[in-house]
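Please open the model in your viewer and keep the selection panel at hand. The stops below move from charged pairs to strand pairing, then to a surface patch and some backbone details.

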Amino acid sequence: MFTHSKGGFTFSLFLIILALRSFENNSKPMTLSKIKFLSSFLLFYCCLQSAAQHTIQSSNIDLITIEKNGRPALYKKLDSLHYQEVVFELYDDIDDISLKGKIHKDEFAVNETLYDTLTLSQIRKNHTFIIHESEIAPVTYPYNLHTNWEKTYTSYETQYKNIFQVVNKYIAVSHHFYRRKSKNTTQKYTRKTLGSRFKFIVCVEFGNDKKLILLFNSYDVSDLFLIANNKTIPLEFFSNSATFKETTNTSYDFLKYEQYRDFTFRYFYRIHQTKDELYEVRTLLGDKLLPGSYDMIEHSDFFIIAKKNHKYTVFDTSGHEIPLGNIYDYYLHYDILELLTEDGAFFYHFNENRPDSIPNSTLTICGHATYKKYEIDSKTKRHIYVTSTSNRDWNKVQKVIFRNLPKEEEIYFTGDKNAIYIYGFESLDSEKKQHLLKIKKDNRYGIRSYNYYFPDTSAATDTIFSQKQLMYKNPFLADTKLELPARFDSITKEENGLIRFYKKGKIGIFPSHKSVQYKSLEKVTDCFYRIRRRNKKGWLNIKTMEEYFFD
């Protein structure tokens, strides 16, 4: 038995117990290297930290084993010869836990059930490792699970590597890699399609300070861990089916981004509303993740942004705070934050670098996509043609004439393009934004808007305008509305849709302004621009048009 004292760890009958276990299992003796490794530890069966992990109580654990297939199994002793299997499962009372924005009650709980009854001889025959509850010493000192484990094994011509990491007190992750057996020893491991599997951590107390840890893969227990000398050991370490190696916390830092790429916030956490109408992040087992309650919480699978008393704090989704200074405003773009802080505006990627921009997404249009093409008449510069296009049907062309457009005004699109396209998957709001015209009068520029909706197909004639095109018989008569008079030096449109107008070196933004406001307007990130108004330097959020002056 193992005992604990202030002066250190005292061992008694340790090797005898190991020998008995080897004999009792009717399996291969434990290797000398594993005996030496184990002799440096105090006792078996662990949990994460000495406080705050999710803990349940059980009085049914008398035997802890590993089956030949590597699955951990627990048993309750019925009499001197018979044992009944104890199964722990996660269950939920809510059918759909993924409803966005819904505040839930505790969705999950740990259910303990007694199943099949076996004799001790049957258990010995089908299991590779067995330990009795009486051989486990209590945990009476602080401990934690901050050790990474590396498991390697071979199956046929493939070598596999699993890396176990602790995310926080409530969640662990297992990364999966493989490589083909080859004489080339420098060949690197390739990440398996399975990627990273996240698991709930539950500590089971089964009397007299004895504890073990269960890792739940979805609803079922996938792993069981031991504890010794303030370190933790996977139960499978003793099965002789694989090679295990303890690693340091920093050995696999490169996996930080990889693991969160496979993490789904709603599978493990929820936003809980308190009685005081504040918000907390809790696990689906009801444990509180962040320190405190907040006025607002927003999250992705990578970041949690919490606001309290007008102050923002950023955490990663393991619950660790990310020091980013005094944050005035932000936008969350999945694994990238767009921030305005006391140090200025910048992007922050989850891998801790600062990219210059958000990567552009590639848009591929299939051959059957429909779209509308808006094209200005290049001869008159006073009306437009709208073409509704589909390669499975005739293209319909509608001429649009603006009835109240003054004769002295010419029209252009705000982006200085002769034609613009709106594809079928784009929203009506997107189409309405295109219904702007830049007008030119006496070498000065302004903006008009107009309303247009494509008429029914039945209005088209059978007159062929060109191959596979039908021209509508009557033009569409539209009225324009003057949004900005033609008295500005120039008007430009950026790729993000921001429309600027200039006069005498100053700048305004349409449609928020009707006159020029800034001496300078410099884009730093997609949403935050550096501005200068009169003699004050500051920042502008172009989405909300809120100004910040703190330089």
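For the first stop, a residue is called buried when its relative accessible area is under 20%, exposed when it is over 50%, and partly exposed in between. Please bear in mind throughout that this is a predicted model.

**Charged pairs**

Begin by selecting Arg 500 and Glu 494, which form a salt bridge whose closest N and O atoms are 2.6 Å apart. Arg 500 has a relative accessible area of 10% and therefore counts as buried, and Glu 494, at 19%, is buried as well.

Select Glu 547 and Arg 533 next, where a salt bridge brings the closest N and O atoms to 2.4 Å from each other. Because Glu 547 belongs to strand β42 (residues 546–548) and Arg 533 to strand β40 (residues 528–533), this pair ties together parts that are 14 residues apart in sequence. The two partners differ in burial, since Glu 547 is partly exposed with 27% relative accessibility, whereas Arg 533 is buried at 15%.

From here, select Glu 67, Arg 71 and Glu 85 together, which are joined into one network by salt bridges that share partners.

How far apart are the closest N and O atoms in the salt bridge of Glu 408 with Lys 441? The distance is 3.6 Å. Glu 408 sits in the loop between β27 (395–402) and β28 (410–412), while Lys 441 is part of strand β30 (residues 436–441), so that the salt bridge ties together parts 33 residues apart in sequence. Glu 408 is partly exposed, at 46% relative accessible area, and Lys 441 is also partly exposed, at 29%. Over the whole structure, a search finds 17 salt bridges.

**Strand β25 and its partners**

Now show the backbone of strand β25 (residues 371–376) and strand β26 (residues 383–389), which pair in the antiparallel sense over 6 bridges. To check the register, select Lys 372, which stands opposite Ser 388 in β26. The hairpin formed by β25 and β26 has 6 residues between the strands, and Lys 381, found in the loop between them, has a phi near 55°, a positive value in a residue other than glycine. With 27% relative accessibility, Lys 381 counts as partly exposed.

Strand β25 is also joined by 5 bridges to strand β29 (residues 419–423), again with the two strands running antiparallel. Here the residue to select is Tyr 374, which stands opposite Ile 420 in β29.

**A positive patch**

Switch to a surface view and select Lys 506, Lys 519, Arg 532, Arg 534, Lys 536 and Lys 537, which form a positive surface patch. Among them, Arg 532 is found in strand β40, and its relative accessibility of 35% makes it partly exposed.

**Backbone details**

Which two residues are joined by a cis peptide bond with omega of about 5°? They are Phe 510 and Pro 511, and Pro 511 is placed in the loop between β38 (506–510) and β39 (520–523).

For the last stop, select Lys 504, which lies in the loop between β37 (499–503) and β38. Lys 504 has a positive phi of about 55° although it is not a glycine, and with 76% relative accessibility it counts as exposed.

Notes. Residues are numbered from 1 along each chain as its sequence is written. This is a predicted model: local features need pLDDT of at least 70, side-chain atom pairs count only at pLDDT 80 or more; totals for chains, interfaces and linings use all residues. Side-chain values use heavy atoms; hydrogens and water are left out. A salt bridge is a side-chain nitrogen of Lys or Arg within 4 Å of a carboxyl oxygen of Asp or Glu. Helices (H or I, at least four residues) and strands (E, at least two) are DSSP runs, numbered from the N terminus. Buried means under 20% relative accessible area, exposed over 50%, partly exposed in between (1.4 Å probe, protein chains only). Two strands pair if DSSP finds at least two bridges between them. Patches are made of residues with over 30% relative accessible area and no salt bridge: like charges are joined within 9 Å, nonpolar side chains (Val, Leu, Ile, Met, Phe, Trp, Tyr) within 5 Å. Accessible areas come from the Shrake-Rupley method with a 1.4 Å probe; for residues, only the protein chains shown count as cover. Lys and Arg count as positive and Asp and Glu as negative; His and the chain ends are not counted. The place of a charge is taken as NZ of Lys, CZ of Arg, CG of Asp or CD of Glu.
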